[in-house]
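Visitor: I would like to go through this model term by term. Please set each value against its cut-off before concluding.

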Amino acid sequence: MKKYILSLDQGTTSSRAILVDEKANIVAISQKEITQIYPQEGWVEHDPIEILNSIKEVIKNVINENNIDHKNIAGIGITNQRETSVVWDKETGIPIHNAIVWQDTRTANICKDLKQKNLEKEISSKTGLLIGPYFSATKVKWLLDNNETAKSKLKEGKLLFGTIDSWLIWNLTKEKYHLTDFSNASRTMLYNINTLEWDIEILKELNIPLSILPEVKNSSDNFGTLNLSGQNIPILGVLGDQQASLFGHKCFEKYSTKNTYGTGCFTLMNTSDQILRSKNGLLSTIAWGIDNKISYALEGSIFIGGAGIQWLRDEMGLIKSSNESEYEALKSSIENNLYVVPAFNGLGAPHWDMNARGLIIGITRDTNKSDIIKATLNSIAYQTKDVLLSMEDDIDDDIKVLKVDGGASNNNYLMQFQSDILGIILKRPLNTEMTALGAAFIAGLKNSFWDLSHLQSLNDINTEFKPTFDKERINKLFENWNNAVKRSMNWV
Ligand code: ADP
């Protein structure tokens with residue numbers, strides 16, 4: 001009888017349920033888009049009830065459409081959009097407000113206040129993060145401070161806060177557990193990654209009571225059971241999406257690194273039991289906890305990755321689909337004379353300039369559409385190199401291989417150029433659903449569906465991209481990129 005792990009991937013744009021068999025093959029996927037709510041400029045919300053219903057629907061669909069017997073589902077893993085915050089009434093289960101999504105910047109002023117109080121150093125050393133509206137802490141504060149119902153319910157001790165994993169566990173488990181895992185807790189900016197406790201001082205500063213926070217568990221652990229047609233199926237693993245992708249890539253070794261090329265790009269490096277403090281503005285975060293053994297990670301993010309390709313398509317009208325960018329780039333013969341710096345909303349690591357804006361430089365009379373498309377793809381690779389150089393500087397060692405996934409990793413031109421400009425091998429798995437696989441892997445560890453050595457021994461089929469540029473060529477190209485970046489900085 002074939003057994004499966006059911007992986008639930010609750011992402012920013014959709015909810016998915018994925019069945020993974022013992023050989024780590026993805027055998028079925030069901031997906032449902034979720035509504036993006038933009039109440040004001042810079043605000044992004046999701047309806048938590050819609051999220052919950054979408055997850056229930058994809059679970060039902062993936063099981064029914066593939067005639068799976070519930071008895072054959074050995075366990076469930078959850079992976080989720082990180083930092084997105086929900087506050088709900090523990091008696092009625094009703095959220096007091098929409099979820100505030102990670103991209104939402106409404107709390108920029110609260111963050112400014114924290115920085116003005118000179119709290120950056122302390123918060124960063126405790127949480128591994130840099131103060132920003134991106135993390136849950138100030139979102140929770142906003143929810144509690146700006147809602148009359150919340151104020152009275154808070155006094156009565158009726159409220160609970162959770163990231164999306166907590167919200168799903170609370171609602172899916174018949175036990176109504178209020179839980180999260182180490183990886184998600186580490187994205188709240190309320191969790192001390194050194195002592196592994198919610199930080200009382202930060203909570204006090206933000207006026208958030210400890211009582212509304214979930215219990216933090218290992219990423220591979222018992223999170224309650226989901227009753228499906230009378231069958232109790234245990235939830236055995238929880239990981240934030242980027243950490244799940246790191247786990248899915250099997251980056252278990254110290255300093256193994258992956259980059260996910262989605263709308264933005266997220267580079268994570270496993271730093272094992274060491275909290276590596278970056279000199280270059282990268283984040284230190286928890287990768288996962290297994291049997292109370294914590295693995296940490298270094299994280300760098302790029303705001304505009306695939307989003308630059310969407311810009312070519314939607315605003316510039318240069319391509320009809322993202323896929324077309326590959327064909328166009330291959331037509332172009334530019335080498336080191338045209339650069340696009342997609343600093344549409346500033347630049348992240350290692351430049352950290354929120355006043356930078358995008359530019360195209362090096363245009364001549366014969367510059368054509370394909371050249372601009374190629375230069376935009378190249379910008380994704382250059383920005384990734386910027387982040388990897390920061391990581392190499394932080395670990396004082398070289399990164400030898402980069403594992404890749406995400407929508408834009410399907411672009412062969414981009415992957416080859418990435419390998420060329422980094423001068424290292426890239427490995428792209430045949431199946432790029434690394435996030436879903438990671439959640440399945442971490443869950444399956446708990447009930448011995450597989451163990452780490454079995455996972456490592458599975459024969460992965462990768463496409464390898466090998467570098468072809470010599471050092472001199474790389475240096476020339478990269479020097480010009482840096483000059484272009486400098487010109488984009490401090491514009492507004
Ligand atoms: P997310 O999880 O952030 O929604 P995905 O991993 O689904 O992102 O990737 C979607 C992004 O990848 C989009 O920004 C899209 O423009 C880009 N993309 C998808 N296919 C390609 C391609 N062949 N070449 C370049 N970019 C691509």
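Visitor: What makes the pair formed by a polar side-chain atom of Gln310 and an oxygen atom of the ligand a polar contact?
Guide: This is a predicted model. In it, the two atoms are 2.6 Å apart. A polar contact requires N or O atoms within 3.5 Å, so the pair qualifies.

Visitor: Which backbone atoms lie 3.1 Å and 3.5 Å from an oxygen atom of the ligand?
Guide: A polar backbone atom of Gly306 is 3.1 Å from a ligand oxygen. For Ala408, the distance from a polar backbone atom to a ligand oxygen is 3.5 Å. The protein buries 70% of the 580 Å² that the ligand exposes when taken alone.

Visitor: How many residues surround the ligand, and which are the closest?
Guide: There are 13 residues around the ligand, and the closest are Thr263, Gly306, Gln310, Ser322 and Gly407. To be counted, a residue needs a heavy atom within 4 Å of the ligand. Helix 10 (residues 306–314) gives the largest share of this shell, four residues.

Visitor: What are the numbers of nonpolar, polar and charged residues in the shell around the ligand?
Guide: The shell has 10 polar residues, three nonpolar and no charged. Gly counts as polar in this division.

Visitor: Why is His249 called buried?
Guide: The relative accessibility of His249 is 5%. Buried means under 20%, so His249 falls in that class.

Visitor: Where does His249 lie, and which residues is His249 in contact with beyond its neighbours within four places in sequence?
Guide: His249 sits in the loop that runs between helix 9 (241–248) and strand 15 (257–261). Setting aside neighbours within four places in sequence, its contacts are Lys258, Lys403, Val404, Asp405, Pro429 and Met434. Contact here means heavy atoms within 4.5 Å.

Visitor: What share of the protein's residues is buried?
Guide: Of the 492 residues, 60% are buried. The exposed area of the protein is about 20200 Å², with 47% supplied by carbon and sulfur atoms.

Visitor: How many helices and strands does the protein have, and why is the protein called as compact as a globular protein of that length?
Guide: The protein has 16 helices and 23 strands. Its radius of gyration is 22 Å and the globule rule gives 23 Å for 492 residues; the two values are close, so the protein is as compact as a globular protein of that length.

Visitor: Among contacts with a separation of 6 or more, what percentage comes from residues 24 or more positions apart?
Guide: Such residues account for 71% of those contacts.

Methods
Residues are numbered from 1 along each chain as its sequence is written. This is a predicted model: local features need pLDDT of at least 70, side-chain atom pairs count only at pLDDT 80 or more; totals for chains, interfaces and linings use all residues. Side-chain values use heavy atoms; hydrogens and water are left out. A polar contact is a pair of N or O atoms within 3.5 Å; within protein, one must be able to donate a hydrogen and the other to accept it, and residues adjacent in sequence count only if both atoms are side-chain atoms. Accessible areas come from the Shrake-Rupley method with a 1.4 Å probe; for residues, only the protein chains shown count as cover. Helices (H or I, at least four residues) and strands (E, at least two) are DSSP runs, numbered from the N terminus. The radius of gyration is taken over C-alpha atoms; the globule rule is 2.2 Å times the number of residues to the power 0.38. Buried means under 20% relative accessible area, exposed over 50%, partly exposed in between (1.4 Å probe, protein chains only).
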